[in-house]
Amino acid sequence: ASLIWACDENFILSFASRRAARDIYGYETRALLGQSAEILMPADVEQPAVRRAFEGLREGRPIRDLEAVHVRQDGRTVIVSISAVPLRHPGGRFAGAVGMNADLTALKSRETRLSEALRVERTVLDSAGQAIAVVKQGLVLRCTDAFLRLAWMQQQAPFPNFPEPTL
């Protein structure tokens, strides 16, 4: 889900899409309207890049796919990708911004679990002390350090009775 939002020149929310406000942040739209956009920022997490990006909106610079940690109404954190463009008054003065916050929480959770699984796999394979390789369609996808050492030794001094590959 993605929250579509709009704010004034003081970053006070003037629009928030109903379903995403509830699904991502746990808020009813009416609870967000009239609030500072900072209501979505956790007080205990420093995010200087986010602060700089929002100040950049005042200077006319858009925000594109900026990852940030936000906080739900119940206190749980969510990871979002923020994209926004500044709005200008006819005289050119900053008038606010419109933007979208895409929820990346589930994706980031899957990335973390995959990274951990790969780390565990590598630890298990390397602790085996054996030359092990995962091969798919004739390509080595993953292998242990022992396999790499064995492959290197074979390049340096091939086994005498090992047949040469034929093409």
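Me: Which residue in strand 2 stands opposite Ala6?

Reply: Ala6 faces Phe15 of strand 2. The model is a predicted one. The two strands concerned, strand 1 and strand 2 (residues 13-16), run antiparallel and are joined by three bridges.

Me: How should the hairpin of strand 1 and strand 2 be read, and which residue there takes a positive phi?

Reply: The general idea is that in a regular strand the side chains alternate between the two faces of the sheet. In the present case, four residues lie between the strands of this hairpin, and Phe11 has a positive phi near 60°.

Me: Which residue takes a positive phi in the hairpin of strand 6 and strand 7?

Reply: That residue is Gln137, with a phi near 50°, in a hairpin that has two residues between the strands. Strand 6 (residues 133-136) and strand 7 (residues 139-143) run antiparallel, with four bridges between them. Within this pair, Val134 is placed opposite Arg142 of strand 7.

Me: What nonpolar patch do Phe15 and other residues form on the surface?

Reply: Phe15 joins Ile4 and Met100 in a nonpolar surface patch, and together the three have about 250 Å² of accessible area. Met100 belongs to strand 5 (residues 94-103). Its relative accessibility is 33%, so Met100 counts as partly exposed.

Me: Which residues of helix 1 are buried?

Reply: The general idea concerns periodicity: an α-helix has 3.6 residues a turn, so residues three or four places apart point the same way. In helix 1 (residues 18-25), the buried residues are Ala20, Ala21, Ile24 and Tyr25. These four lie on the same side of helix 1 because they cover an arc of only 105° around its axis.

Me: Which residues are exposed on the other side of helix 1, and what covers the buried ones?

Reply: Arg18 and Arg19 are exposed on the other side of the helix. The cover over the buried residues includes strand 1 (2-8), helix 2 (29-32), strand 3 (63-71), strand 4 (77-88) and strand 5. After helix 1 comes Gly26, which has a positive phi near 75°.

Me: How many salt bridges does the structure hold, and how far apart are the closest N and O atoms of Glu55 and Arg58?

Reply: The structure holds 11 salt bridges. In the one between Glu55 and Arg58, the closest N and O atoms are 3.5 Å apart. The two residues are three residues apart in helix 3 (residues 48-58), so about one helical turn separates them. Glu55 is partly exposed because its relative accessibility is 42%, and Arg58 is partly exposed at 31%.

Me: Which residue forms a salt bridge with Glu111, and where do the two lie?

Reply: Glu111 pairs with Lys108, the closest N and O atoms being 3.4 Å apart. Both are in helix 4 (residues 105-128), three residues apart, which is about one turn of the helix. Glu111 is partly exposed, at 40% relative accessibility, whereas Lys108 is buried, with a relative accessible area of 18%. A value under 20% is what places a residue in the buried class.

Me: Which residue forms a salt bridge with Glu116, and which residues do shared partners join into one network?

Reply: Glu116 forms its salt bridge with Arg119, the closest N and O atoms being 2.6 Å apart. Being three residues apart in helix 4, Glu116 and Arg119 are separated by about one helical turn. Glu116 is partly exposed at 37% relative accessibility, and Arg119 is partly exposed with a relative accessible area of 46%. Glu67, Lys108 and Glu111 are joined into one network by salt bridges that share partners.

Technical notes. Residues numbered from 1 in each chain as written. Predicted model: local features only at pLDDT ≥ 70, side-chain atom pairs only at ≥ 80, totals over all residues. Heavy atoms only, no water. Patch = residues over 30% accessible without salt bridge, like charges linked within 9 Å, V, L, I, M, F, W, Y side chains within 5 Å. Areas by Shrake-Rupley, 256 points an atom, 1.4 Å probe, with all protein chains shown as cover. Salt bridge = Lys/Arg side-chain N within 4 Å of Asp/Glu carboxyl O. Buried < 20%, exposed > 50% of the residue type's maximum accessible area, 1.4 Å probe, protein only. Arc of directions from axis to C-beta. Contact = heavy atoms within 4.5 Å. Pairing = 2+ DSSP bridges.
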